[in-house]
Amino acid sequence: MSIDELVAMSEPMPPTGGFIEGSNPLSAPLGLHSLLVRESVQNSWDARDDARGDRPVTFRIDAWDLDGDRLDDLRSLMPVDHLAGFARDADATGGITHPADSIEHSSVRTLTISDRDTVGLCGPTTSGTAWEPVREGVELVRGQPRFANFVRNQGRAKKDIGHGDGGAFGIGKSVLWLASKCGTILIHTRTSDADGRPVERFIGVVHGHDFASDEHRFTGRHFIGRADAEQPRLIQPLEGADAADARRRLPIPSYEKGGIQVFGTSIVIIDPYMSDDWQDEMLRLRDAVRWQVWPKLLSGVRSATGGPDMTVHLGWNNNAVPVPDPTQDSEIVPYAKTLLDCVRDRSLGEPDSWRDNIIDCQRPKKVLGDLKFRRAGTVDENVFHLTGATHDLDRQRQDDDPGSHEVDPVVPFEAPWGQIALIRREPLLLVRYEPLAERGTRPSVDASVEVGVFLSAQDDEVEAALTRAEPPAHDDWIPAQIRKEHRKDYSKTYTRVTLKRLQNAKSNFLRKLRDVGPGHIGGPEQEFAKRISRGLLAGFGGAGGQKRPRGQTTGGKRRQSARGSVELRLVTSRPTDDGVAHELALKLTTKTTVDGPVTLCASGSARDNVGTLDLDGTESFRWTTAAGDVVEGPTLETTIGEIDELALEVTLTRAVRFRPSVVIADDEGGD
């Protein structure tokens, strides 16, 4: 068949019953960006192709604005006008947008999530078909019926759980269509079919709400593909040349890797719930990758000389967004080094032996894992940045514009350290972060420069116990949900004891910190570094209108010239129609006898933990003199004697941290 013969068909409710759309058990305190990254990376890792050798699995997220011919190509793959089961159209609010409404605009956003060096969505294209996993006549490791499991089934067979996989429920995939305003994903895979032969496949899946029509009930799922010749109500994927034609019409990366065609899958999310500029949205996704999957990006974990499990690439409209190596990321590196200490069984020894803990169970006797605490470093490296997604920024934006969408934080804490990363060993799954200090309390010691890592034991029974204790989002361990299956099933005991021993070790650690005294955790150096960190102005929210104590600097650098240097002090911040305006007071800090006209030059840099960010002209400057005159632009002609009477307003239209600077230009034009 050709693309012109594509059909979209609603799934009727089977007489024996089936899953009804409209509710989903996938829930977590994480925001969309983190949940999307966590679940997608986990699915890709679970489908890793063992034939890849020592190559890491490649994972990509690419954002696109489609218009013109590219949008026409997308529309050609979505014959969805007649579909029902959508509570929201172009004029209504709430519910799921009809996919026809999402693609009627002159430009449509898509988000493509891809993996390479996986087995793809292999096996039979329908559920309920027995299958012996093979590929080109050889047994296919991890050859579950992945197409049927992903496209057709809800849930996951128990026999398919384990073997280093992160997933256990088979419902994490739902975040992909939940991330779409119209519940629509288009799927292309290069894989092996039920006979073990390489094949390309394309199918679309739309998730609305259940509905009734002509005395028949429908599940709310709709499929886009070709009608099965023998079962007209069954939609099958396009295959072969037709699937390749569909691939060329979509923003899907190549399947070529190292000069050969590899297997993998690409999923195109139509009209995602991401409404800010792609640059900001991709920085949020970058931060989600950094904080949620860094163990899989770290070399030397599986073996001392081995590479990482995965590589991650991000981009928008062919603009790359670099993802830092965990060992080069100043916020993540303390956790990364501590994890390497765990896998290599490195201990500090006396007098710091209390930083190394073995978590074990006595009845029955079992080592459950290792917990190690390490000093993170000096706080001047601690410029914590969750791009446009901190609690304060979101609160400010919601107050200023009640109609703006909410952006959840990438992680549920506001400083990078002072956490314990809980990691399940076999899949290197970061389950969650446990705070060293309980939320809302002030510990008697400052643990904000400390980190911990718990790595579960390399033990099949421990792995199985923790897997069973995880909810669908795999972001916690809940012993109460484990049901004892036989007399010697100790899964609940292992999980319960793990959590109890972790809490005991944490309490002991905080007690030891009190014993060693404040000099051990930074002292005056820490306070100086905090002042530097406070100098970063926020693009949205800023200081929330609160004035800083007199004498507290913004942290902007002092630049020396022959005529003096200028110190900046943040007076107040306020929201504007364009973003946030920060008012700065200026003070000449170097005495000089030179008088006469000078030129002040204002500038600044956007920062996060990785380094500088491109401002793209999103900052603006305005000077106010003692006489009340207003001068727009970064430069001002004035005199040395008037510098202390000036005010400088910096307006930022993006959610970045900004470090301001003002210098005095010398007569020769230098600083």
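Is C601 buried, exposed or partly exposed? C601 has 23% relative accessibility, so it counts as partly exposed. The cut-off matters here, because buried means under 20% relative accessible area. This is a predicted model, and every value below is computed from it.

## Cysteines

C361 gives another result. Its relative accessibility is 3%, so C361 counts as buried. A disulfide is a covalent bond between the sulfur atoms of two cysteines. The count of disulfides in this model is zero.

## Strands β2, β15 and β16

Strand β15 spans residues 310-316. It runs parallel to strand β2, residues 57-66, and seven bridges join the two. Within this pairing, I61 has L314 of β15 as its bridge partner.

β15 also pairs with β16, residues 319-321. Here the strands run antiparallel, and three bridges join them. W316 stands opposite N319 in β16. Two residues lie between β15 and β16, which form a hairpin. In the turn, N317 has a positive phi of about 50 degrees.

## A five-stranded open sheet

Strands of a sheet pair through backbone hydrogen bonds, either parallel or antiparallel. One open sheet has five strands in the order β23-β24-β30-β27-β28, and the pairing is antiparallel. Which strands stand at its edges? They are β23 (566-575) and β28 (630-632). Each has a single partner strand, so one side of each is left without a neighbour in the sheet. On average, neighbouring strands of this sheet are turned by 25 degrees against each other, direction ignored.

At the β28 edge, the partner is β27, residues 619-624. Three bridges join this antiparallel pair. One matches R622 with E632 in β28.

## Aromatic pairs

A pair of aromatic rings is described by the distance of the centres and the angle of the planes. The whole structure holds eleven aromatic pairs. One of them is W294 with Y335: the ring centres are 6.3 Å apart and the planes are at 40 degrees, so the pair is tilted. This pair links distant parts of the chain, 41 residues apart. W294 lies in the loop between α7 (278-292) and β15, while Y335 belongs to helix α8, residues 333-343. W294 counts as buried at 1% relative accessibility. Y335 is buried too, with a relative accessible area of 0%.

F454 and W477 form another pair. Their ring centres lie 6.0 Å apart with the planes at 85 degrees, so the pair is edge-to-face. F454 is in strand β21 (residues 450-456) and W477 is in the loop between α10 (460-469) and α11 (491-516), so the pair ties together parts that are 23 residues apart in sequence. F454 is buried, with a relative accessible area of 0%. W477 counts as buried at 3% relative accessibility.

Ring pairs also build a cluster. Its members are W291, W294, Y335, F413 and Y433.

## Charges, rings and R48

Where does the charged end of R201 sit? It sits over the ring of F147, 5.2 Å from the ring centre. K296 lies over the face of W45, at 3.8 Å from the ring centre.

W45 also has a contact through its backbone. Its backbone oxygen lies 2.7 Å from a polar atom of the R48 side chain. R48 is placed in the loop between α1 (32-46) and β2. With 5% relative accessibility, R48 counts as buried.

Key: Residues numbered from 1 in each chain as written. Predicted model: local features only at pLDDT ≥ 70, side-chain atom pairs only at ≥ 80, totals over all residues. Heavy atoms only, no water. Pairing = 2+ DSSP bridges. Helix = DSSP H or I, 4+ residues; strand = E, 2+ residues; numbered from the N terminus. Axes fitted to C-alpha atoms, helices over the stretch in contact; angles between N-to-C directions. Buried < 20%, exposed > 50% of the residue type's maximum accessible area, 1.4 Å probe, protein only. Polar contact = N/O pair within 3.5 Å; in protein donor to acceptor, adjacent residues only side chain to side chain. Disulfide = S-S within 2.5 Å. Phe/Tyr/Trp six-rings, centres within 6.5 Å; stacked < 30°, edge-to-face > 60°. Lys NZ or Arg CZ within 6 Å of the ring centre and 35° of its normal.
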